[in-house]
Amino acid sequence: MLKGFREFLLRGNVVDLAVAVVIGAAFNAVVEKVVSSLINPLISVVFKADSLDKALMVELPGGGALAFGALIGAIINFVIVAAVVYFVFVLPMNHMRERTAKNTPAEPAAPSEQELLAEIRDLLREQRAGK
């Protein structure tokens, strides 16, 4: 039972996922600082609001409001995270995989079924002829 659990934990996918979660959590702090230090001051100049959460508010009759600024802020955060993940992690990994694929010798192609059957036929003919 413990052996199966250990194998599960040491699978490549589980370890990769754990690393991704930890890096994602740490990266979230960086994105929040970029937004609060760079984007929010620009928003305050353009929209006269402290942050995107308070910008572009549309009041609804009967109370409540639509917060379009908060939605735009979430989209900006997503685009920043996606861009950094792509350019910092995905692109270099793809480049490394291409380099290792070029340096790895290609395995010879396996014979097709027809080629194997032809070899078997020829061997059987040789055995019959030799008797």
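## A walk around the model

Start by selecting Phe87: at 54% relative accessibility, this residue counts as exposed, since anything over 50% falls in that class. Keep in mind as you go that this is a predicted model.

Now add Tyr86 to the selection. A search of the whole structure turns up one aromatic pair, and here it is: the ring centres of Tyr86 and Phe87 sit 5.1 Å apart with their planes at 80°, so the pair is edge-to-face. Tyr86 has 38% relative accessibility, so this residue counts as partly exposed.

Next stop, the largest pocket. Select Asp16, Val19, Ala20, Ile23, Gly24, Phe27, Val81, Val85, Phe89 and Val90, and you have its lining. Two elements each give two or more residues to that lining: α2 (12-47) and α3 (68-103). Colour them separately and you can see which one gives the largest share: α2, with six residues. The pocket's volume is about 230 Å³. If you colour the lining by class, expect eight nonpolar residues, one polar and one charged.

Keep Phe27 selected and drop the rest of the lining. Phe27 lines the largest pocket and is also one of the seven residues in the largest nonpolar core. To show the whole core, add Val31, Val35, Ile39, Ile43, Leu52 and Ala55.

Zoom in on Val31 within that set. What does Val31 touch once you leave aside its neighbours within four places in sequence? Show Asn77, Ile80 and Val81, and you have its contacts. Val81 may look familiar, as it is also in the lining of the largest pocket.

With Asn77 still on screen, select Asn28, which you'll find in helix α2. Draw a distance between the C-alpha atoms of Asn28 and Asn77: the two are 49 residues apart along the chain, and the line should read 9.0 Å. Asn28 counts as partly exposed, because its relative accessibility is 37%.

For a last stop, stay in helix α2 and pick Lys33. Is Lys33 buried or exposed? Its relative accessible area is 57%, so Lys33 is exposed. Draw one more C-alpha to C-alpha line, from Lys33 to Leu91: these residues are 58 apart in sequence and 24 Å apart in space.

Methods: Residues are numbered from 1 along each chain as its sequence is written. This is a predicted model: local features need pLDDT of at least 70, side-chain atom pairs count only at pLDDT 80 or more; totals for chains, interfaces and linings use all residues. Side-chain values use heavy atoms; hydrogens and water are left out. On a 1 Å grid over the protein atoms alone, a cavity is a set of points where a 1.4 Å probe fits but cannot get out, and a pocket is an open set with protein on both sides within 12 Å along at least five of seven lines; lining residues have an atom within 4 Å of a point. Grid points are joined across faces, edges and corners, and a volume is the space filled by probe spheres set on the points. Helices (H or I, at least four residues) and strands (E, at least two) are DSSP runs, numbered from the N terminus. Ala, Val, Leu, Ile, Met, Phe, Trp, Tyr, Cys and Pro count as nonpolar, Asp, Glu, Lys and Arg as charged, and the others, Gly among them, as polar. A nonpolar core is a set of buried Ala, Val, Leu, Ile, Met, Phe, Trp, Tyr and Cys residues joined through side-chain atoms within 4.5 Å. Buried means under 20% relative accessible area, exposed over 50%, partly exposed in between (1.4 Å probe, protein chains only). Contact means heavy atoms within 4.5 Å. Rings of Phe, Tyr and Trp (its six-membered ring) pair if their centres lie within 6.5 Å; planes under 30 degrees apart count as stacked, over 60 as edge-to-face and the rest as tilted.
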